[in-house]
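Colleague: Got a minute to walk me through this one? I'd like to start with the surface.

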Amino acid sequence: MGGSAFFYGLRDSLSIALGYVPVAISFGLAAIHLDIAPWIVVLFSVLIYAGASQFILIALIAQQTDFISIVAIIWLMNLRHVFYGPAVLKAAALDKRRYPLAFWAAGLTDEVFAAAIGRFAHQPIPYREGWYIGLQFGAYSSWVGGTAVGAYFGADWLGRSAVLDQSLGFVLPALFFALLLEIAQAVPRFILFSATVATGLALFWLPSYVAIIVGMLAGGVAAVTMVKHE
Amino acid sequence: MSNYQFVIITVLAGVGTFLIRFLPLLLKERKTSTPYNRLLHQALAAIGPAAIVALLVVSLAGELRPDSLHTTLLPIFAGLLGVVLGRKLGKGNIAIATLMGIAVYALATASLL
């Protein structure tokens with residue numbers, strides 16, 4: 001039962017993998033563009049496994065941000081995951097767990113969270129845990145595999161094309177803009193506007209990695225202000 | 001930055017990210033909903049979207065070259081339009097939107113070279 005549930009989860013992870021692989025390849029390409037060793041780039045994906053914050057990581061490396069700030073910004077970026085675990089456990093509605101909680105947490109990305117919350121109801125309760133582990137494993141494998149392809153084969157592609165080399169600088173803006181379009185309908189405009197203005201103004205006086213923190217905090221403050229005025 | 005420093009950063013970032021995902025599972029769900037919890041929840045929920053906006057602003061600013069504004073601005077606008085187009089063609093798929101944006105940016109850059 002557990003085995004087949006795992007493979008059903010693996011099958012259902014294909015939709016996530018379709019989204020992950022091209023972005024992971026782009027990540028690998030963008031990272032080696034900064035002269036980071038391919039094995040280090042793959043290590044980023046193996047150990048951190050958080051797409052947006054990995055792109056931030058290389059953006060911060062490119063800005064020559066200091067060690068402590070890089071780690072702090074990545075933690076801050078991933079703080080939203082704090083709410084995912086309890087919500088996933090609640091949605092699974094299991095009588096008894098077979099796997100340690102660490103297995104539940106390891107692959108809990110935005111996309112896995114969304115897929116699990118949306119599809120748990122379609123799985124029989126005894127299958128849910130195996131299905132969820134399969135879903136996580138498929139998504140994780142596609143992210144790490146895609147990164148490895150970009151990191152190990154990207155150098156050849158870059159060497160052959162000056163336009164590709166130059167265009168890789170646009171990978172991050174394109175990804176962030178695509179993500180912004182994705183969330184724009186669900187997030188109050190006031191939060192997005194506050195973060196935009198705060199970041200833009202901060203860039204005039206502060207290093208870019210500090211401007212990012214200023215923008216994030218401005219968004220948080222804007223949200224709290226909105227709650228207090230409700 | 002040396003490979004040794006990269007490994008340390010990766011381990012710290014990875015362990016921290018794992019704990020952020022793991023510790024709330026250990027603490028399990030708290031049914032109580034105090035005003036403080038609500039404020040904290042709202043602030044944390046806003047940090048992700050705010051970060052995306054902040055990163056977009058910073059990354060776009062990094063692409064601009066003040067000495068050749070027109071040759072950097074045109075590909076940027078074209079690339080952003082490409083993202084919008086890719087999103088429509090890919091029915092909301094972020095990967096397709098991103099790749100389309102990069103492709104249009106590359107075409108615009110190549111035409112200006």
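Modeller: Sure. Keep in mind that this is a predicted model. On the surface there is a nonpolar patch of about 640 Å², made by Val46(A), Leu47(A), Val11(B), Val15(B), Leu19(B), Leu23(B), Leu26(B) and Leu27(B).

Colleague: Which elements give two or more residues to the nonpolar patch?

Modeller: Helix H3 (38-47) of chain A and helix H1 (3-27) of chain B. The largest share is from H1(B), with six residues.

Colleague: Where does Leu47(A) lie, and is it buried or partly exposed?

Modeller: Leu47(A) is in helix H3 of chain A. Leu47(A) is partly exposed, because its relative accessible area is 37%, and the partly exposed class runs between 20% and 50%.

Colleague: Okay, new topic. How many residues does each chain bring to the contact?

Modeller: Chain A brings 82 residues and chain B brings 65 residues. About 6,600 Å² is buried between the two chains, and carbon and sulfur atoms give 82% of that area.

Colleague: Which residues in chain B lose the most area to chain A?

Modeller: Arg21(B), Leu25(B) and Leu55(B). Together they make up 12% of what that side buries.

Colleague: And how many salt bridges are there between chain B and chain A?

Modeller: The count is zero.

Colleague: Let's move to helix H4 of chain A. How far does it reach from its first C-alpha to its last?

Modeller: It reaches 17 Å, close to the 16 Å expected. The helix covers residues 51-62, which is 12 residues.

Colleague: Is H4(A) mostly covered or mostly open?

Modeller: Mostly covered: 10 of its 12 residues are buried. Among them are Phe55(A), Ile56(A), Leu57(A) and Ile58(A). The buried set also includes Ser53(A) and Gln54(A).

Colleague: What comes just after H4(A)?

Modeller: Gln64(A), with a positive phi of about 55°. Gln64(A) is not a glycine. Most residues other than glycine have a negative phi.

Colleague: Where does Gln64(A) lie, and is it buried or exposed?

Modeller: Gln64(A) sits in the loop between H4 and helix H5 (67-77) of chain A. Its relative accessibility is 73%, so Gln64(A) counts as exposed; the cut-off is over 50%.

Colleague: Last one. What about phi of Asp35(A)?

Modeller: That phi is positive too, near 65°, and Asp35(A) is a residue other than glycine. Asp35(A) is in the loop between helix H2 (14-33) and H3 of chain A. With a relative accessible area of 71%, Asp35(A) is exposed.

Notes:
Residues are numbered from 1 along each chain as its sequence is written. Chains are lettered from A and ligands numbered from 1 in the order in which they are written. This is a predicted model: local features need pLDDT of at least 70, side-chain atom pairs count only at pLDDT 80 or more; totals for chains, interfaces and linings use all residues. Side-chain values use heavy atoms; hydrogens and water are left out. Patches are made of residues with over 30% relative accessible area and no salt bridge: like charges are joined within 9 Å, nonpolar side chains (Val, Leu, Ile, Met, Phe, Trp, Tyr) within 5 Å. Accessible areas come from the Shrake-Rupley method with a 1.4 Å probe; for residues, only the protein chains shown count as cover. A salt bridge is a side-chain nitrogen of Lys or Arg within 4 Å of a carboxyl oxygen of Asp or Glu. Helices (H or I, at least four residues) and strands (E, at least two) are DSSP runs, numbered from the N terminus. Buried means under 20% relative accessible area, exposed over 50%, partly exposed in between (1.4 Å probe, protein chains only). The expected span of a helix is 1.5 Å times one less than its number of residues. Contact means heavy atoms within 4.5 Å. Buried area is the accessible area (1.4 Å probe) that two parts lose on being put together, summed over both.
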